[in-house]
Amino acid sequence: MRQSDADIILQIKAGKESALDYLYKKNYRMMVSMILRNNGSEQEAKDIFQDALIVFWQKAKSEDFKLSSKISTYLFSVCQNLWRKELDRKRKFEESDKEDSEENTFEQQEMIKIIHQCINELGESCKQILTYHYFDGMSMDKIAEKMGLANSDTAKTKRYKCKKRLDELIRSRYTASDFLD
Amino acid sequence: MSETNYFRLIEAYFDGSIDPLQKAMLESKIQTDPLLKAEFDLQNNIIEGIADVRKQQLKLRLSAIDVNGSGSLLLGSGVKWLTASLSVAVIFSIWLYWYTNTPQSVNAIQLQNEDLLVWNETSYPPIPTAVKKDLFSQNADTKQKQEITFSERIGQPKSIEEEIKEEAKTAKVKPQALITFQDNNLFSPTSDKDFTKTVERDINRSMVSETKIEFLEPVEDKDQYHYKYFNNKLYLFGDFNNEPYEILELHNKGKKQLFLSYQQTIYKIESDKTNITPLLKVTDEMLILELNMILNEE
């Protein structure tokens, strides 16, 4: 069933991930074709398009978001920009000292890996409240409503405890000096 | 401001609750305090990590979507339109081919034959049946011309039923047009009875015989007649002076069968008898009746 852009925005604001599914299927061929035509592989094209959809998801959830074009046009522009950045990153990587870059990338990857492990060790409700707050930018009222918590203060307390727990987990794996090296 | 307060500022920074003045102070401090910068980078990585986890969740969800046959609706509808257009074009081409190859009119076919028969069938286009071989099988002895004219009906192709009707109609006309001898065994019957059966169907006669006849003395008994036949000449042995005789010669496709009528009796003469052979009477009553009818017509 075809959905209007306004309907899709409303669904995204309500946190319905099925709206993303619809946009993905609807625009997949057009976006992937654009990247394939610009020296991208199909896997790269998929990644870029998925990233663009996530950017759109985050933008659409913010209260001051106003769509000034069709969603497909917006997505196309985001895909173009992301792909341009990716090409720049590749070019810079080739031009730079590969050994230094690889070393820095390796350290960064190790740190990110530990952070991800620690996040995944949190309970599901902690993961949810942290992602709602830091990724989706939801207000405490909305988080409380979505998670069935008593009120925004309860949500705020829970979010604080979960973040503290995560910090402790990460610090226990890595000392400050590790990060400073 | 104490160190702890700076840590709280970092937290406020990532919450988005920090005011511009505090933000400027924090950024300035980070430039000079490596420990604070490390804490800031750690918190930045943690927040990015949380976002990455959520992104990975969404990307996993999207990757699970089957995109085969999907795409932009514009492209999808374009393919559908293209498919539909091609289908219509193919159907139209088939129809056009069929229509242009269906004969709208067929020039009259002039068939010269030995019977003069004019058959104007304007409402049927029976090309296949018109050229049927059996239609032209006819008595070689019949010196007639046949003119058959077919006119193709203009318009729609014939249905199977129509063709069957045409076939039936053609079959009815055929015996009226010509007398045929389709059975090659007609002139080689094994018995009078068999012969009668075939003659019953189609028979033609000609009293104009090219067979030469020569009369000879009886071979044995005076009352017994004999014959021999070769080189298109009939030799009759016996006394044939009492009454007139008649020879019936029936032809089909170059073959002929002779009968001798003498003194109210009909004899059968076989054409391959080079030795003197007794004349045998035709005993089949039906055949005798048929042959007498022919004789009486004359």
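A residue is counted as buried if 20 or more other C-beta atoms lie within 10 Å of its own, as exposed if 12 or fewer do, and as partly exposed in between. In the predicted model described here, K61(A) has 18 other C-beta atoms within 10 Å and is therefore partly exposed. This lysine belongs to helix α3 of chain A, which covers residues 42-61. When neighbours within four places in sequence are left aside, K61(A) is in contact with I12(A), K13(A), D136(A) and G137(A). A further relation across the sequence links K61(A) with Q11(A), for the two are 50 residues apart along the chain, while their C-alpha atoms lie 9.5 Å apart in space.

Chain A as a whole contains nine helices and zero strands, so that its elements, read from the N terminus, follow the order α-α-α-α-α-α-α-α-α. Of its 181 residues, 28% count as buried. Among the contacts of chain A with a separation of 6 or more, 58% are made by residues 24 or more positions apart.

Two helices of this chain may be described in more detail. Helix α2(A) has 20 residues and reaches 29 Å from its first C-alpha to its last, which is close to the 28 Å expected at 1.5 Å a residue. A kink of about 60° is nevertheless present in α2(A), and N27(A) lies at its centre. N27(A) is also one of the buried residues of α2(A), a group that includes Y24(A), K26(A), Y28(A), M31(A) and I35(A). After α2(A) comes N39(A), which has a positive phi, near 65°.

Helix α4(A), formed by residues 71-95, has 25 residues and spans 36 Å from its first C-alpha to its last, close to the 36 Å expected at 1.5 Å a residue. Its buried residues are I71(A), L75(A), V78(A), C79(A) and W83(A), and the buried residues of α4(A) pack against α1, α2 and α3 of chain A.

The packing of these helices can be followed further in the nonpolar cores. The largest nonpolar core has 24 residues, and those with the most contacts inside it are F49(A), A52(A), L53(A), L75(A) and C79(A). To this core α1, α2, α3 and α4 of chain A each supply at least two residues. The surroundings of C79(A) illustrate the arrangement, since, apart from neighbours within four places in sequence, C79(A) is in contact with M31(A), M34(A), I35(A), I48(A), F49(A) and A52(A). Apart from the largest core lies another core, of 20 residues, and among them are M138(A), A144(A) and A155(A) together with I46(B).

Chain B has eight helices and eleven strands. Of its 298 residues, 15% count as buried, and residues 24 or more positions apart account for 59% of its contacts with a separation of 6 or more.

Where the two chains meet, 26 residues of chain B are in contact with 31 residues of chain A. On the side of chain B that touches chain A, the elements giving two or more residues are α3 (34-63) and α4 (73-101) of chain B. Of these, α3(B) gives the most, with 19 residues. The residues on this side of chain B comprise 15 that are nonpolar, five that are polar and six that are charged.

Elsewhere in chain B, four strands form an open sheet with mixed pairing, in the order β4-β6-β5-β10. Strands β4 (212-216) and β10 (277-278) of chain B stand at the edges of this sheet, and because each has a single partner strand, one side of each is left without a neighbour in the sheet. Strand β5(B), residues 226-230, runs antiparallel to β10(B), and two bridges join them. In this pairing Y227(B) has T277(B) as its bridge partner, while H226(B) stands opposite P278(B). Five bridges join β5(B) to β6(B), residues 233-237, and this pair is likewise antiparallel; within the pair, K228(B) stands opposite Y235(B). The strands β5(B) and β6(B) form a hairpin with two residues between them, and in the turn N231(B) has a positive phi of about 50°.

Methods: Residues numbered from 1 in each chain as written. Chains lettered and ligands numbered in written order. Predicted model: local features only at pLDDT ≥ 70, side-chain atom pairs only at ≥ 80, totals over all residues. Contact = placed C-beta atoms within 7 Å. Pairing = 2+ DSSP bridges. Nonpolar A, V, L, I, M, F, W, Y, C, P; charged D, E, K, R; others polar. Expected span 1.5 Å × (residues − 1). Core = buried A, V, L, I, M, F, W, Y, C linked by C-beta atoms within 7 Å. Bend = angle between axes of the 7 residues up to and from the residue.
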